[in-house]
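This report introduces a single structure to a reader who has not met it before. Please keep the sequence and the model in view while reading.

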Amino acid sequence: MFKNLNPGMIGIRASLAETQEMAAQYGFDGVDLHLPDVAAMVRQESLEGVRGLFAISGRRPGNWGLPVAWHGTREKWTEELARLRNYAALARDIGALRTTTVVLPYSNERTFAENYAFHLERLKPVAEILGEYGCRFGLEFIGPKTLRVGKKHEFIYTMDGMLALCRDLGSNVGLLLDLWHWYTSHGTWEDLSKLGNDDIVNVHVNDAPAGIPADEQIDSQRCLPGETGVLDIARFLGALDALGYDGPVTAEPFSARVNGLAPQDALSETAEAIHRAWASAGIA
């Protein structure tokens, strides 16, 4: 696995070139991409120009967010699938072979069974197209109980539940495993030890505010990994290392404090947190 940077997750707007420069300066091995922006760069410059940015910086592609509006009308979804082929081909050509999307843990319109069928219908063609171009597809489960309270129908919000959906979607589909969501969904270390590298596409790390029970945690209020010690980042990274995970690990603190810092300070604090986490887990 490798240390990965997504500046947007710490309140910084940056181009791909700027992100790669930040990653190199602060010791991150990879960077996330916004693929529509990369496509625009290719149209304005060239594919070789984008490849050159990675070659010069020495960074590797991390993850790109799935640029497909799959929740909407069937007509819109069909149009998006046609565009996805172009994005997947571009991702293959630059070696960015991991993309992810979020699965909401509730629905006010569909029962669990109806919603499961809906996700199969909408996401299986996505997975198949991505697979044709060698791309892996990660689904993020959203753990906190506070997001499900007051909703009409609960949906998948645990690791095991999401793994079942992943397996129904295809062999190139796995988890976007977020430490905070794993914690708030009451995930166990035993469950984590059963995973293999093929089960995980992408990883987000963070910490939780102290003094708040897991079932009362709020999705938008988190901390940098290791900041409070509520979440055992060393054991989590150690478990990932033991199962042979080979993908990006990105800090996603959702922290108003970090977002309010000057860019260089936000980068410095985030890099220090990630480097400390790596050292605490004994990872070279």
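Val 68 is found in the loop between S3 and H4. Helices (DSSP runs of H or I, at least four residues) and strands (DSSP runs of E, at least two) are numbered from the N terminus. The model is predicted, so local features need pLDDT of at least 70 and side-chain atom pairs count only at pLDDT 80 or more, while totals for chains, interfaces and linings use all residues. Residues are numbered from 1 along each chain as its sequence is written, and side-chain values use heavy atoms, with hydrogens and water left out.

**Val 68 and its surroundings**

With a relative accessible area of 7%, Val 68 is buried; buried means under 20% relative accessible area, exposed over 50%, and partly exposed in between, for a 1.4 Å probe and protein chains only. Leaving aside neighbours within four places in sequence, Val 68 is in contact with Glu 80 and Leu 84, where contact means heavy atoms within 4.5 Å. Val 68 and Tyr 87 are 19 residues apart in sequence, and their C-alpha atoms are 9.9 Å apart in space.

**The pairing of H2 and H4**

Tyr 87 also takes part in the contact between two helices. The axes of H2 (residues 35–44) and H4 (residues 74–94) come within 10 Å and cross at roughly 75°, which makes H2 roughly perpendicular to H4. Axes are lines fitted to C-alpha atoms, for helices over the stretch in contact, and angles run from 0 to 180 degrees between N-to-C directions. Angles under 35 degrees count as roughly parallel, over 145 as roughly antiparallel, 65 to 115 as roughly perpendicular and the rest as oblique. On the H2 side the contact is made by Leu 35, Pro 36, Val 38, Ala 39 and Val 42, and on the H4 side by Tyr 87, Leu 90, Ala 91 and Ile 94. By class, this contact has nine nonpolar, no polar and no charged residues. Here Ala, Val, Leu, Ile, Met, Phe, Trp, Tyr, Cys and Pro count as nonpolar, Asp, Glu, Lys and Arg as charged, and the others, Gly among them, as polar.

**The largest pocket**

H2 also contributes to the largest pocket, as do H1 (16–26) and the strands S2 (30–33), S3 (60–65), S4 (98–103) and S9 (200–205); each supplies at least two residues of the lining. The pocket holds about 700 Å³ of space. Its lining has 33 residues, of which Asn 6, Gly 8, Asp 32, Leu 33 and His 34 lie nearest the centre. The lining divides into 14 nonpolar, 12 polar and seven charged residues. On a 1 Å grid over the protein atoms alone, a pocket is an open set of points with protein on both sides within 12 Å along at least five of seven lines, whereas a cavity is a set where a 1.4 Å probe fits but cannot get out; lining residues have an atom within 4 Å of a point. Grid points are joined across faces, edges and corners, and a volume is the space filled by probe spheres set on the points.

**Further buried residues**

The table lists three residues with their places and relative accessibility.

| Residue | Place | Relative accessibility |
|---|---|---|
| Arg 136 | S6 (residues 136–141) | 17%, buried |
| Pro 144 | loop between S6 and S7 (153–154) | 0%, buried |
| Leu 176 | S8 (residues 173–178) | 3%, buried |

Not counting residues up to four places away in sequence, Leu 176 touches Thr 100, Gly 138, Leu 139, Glu 140, Phe 141, Asn 202 and His 204. With the same exclusion, the contacts of Arg 136 include Arg 98, Thr 99, Asn 172 and Ile 200, and Pro 144 touches residues including Trp 180, His 181 and Gln 217. The C-alpha atoms of Pro 144 and Val 42 are 39 Å apart, with their positions 102 residues apart in sequence.

**Two residues with positive phi**

His 186, a residue other than glycine, has a positive phi near 65°. His 186 is placed in the loop between H7 (179–184) and H8 (189–193) and counts as partly exposed at 48% relative accessibility. Phe 254 has a positive phi near 45°; this residue is found in the loop between S10 (248–251) and H10 (256–259) and, at 33% relative accessibility, counts as partly exposed.
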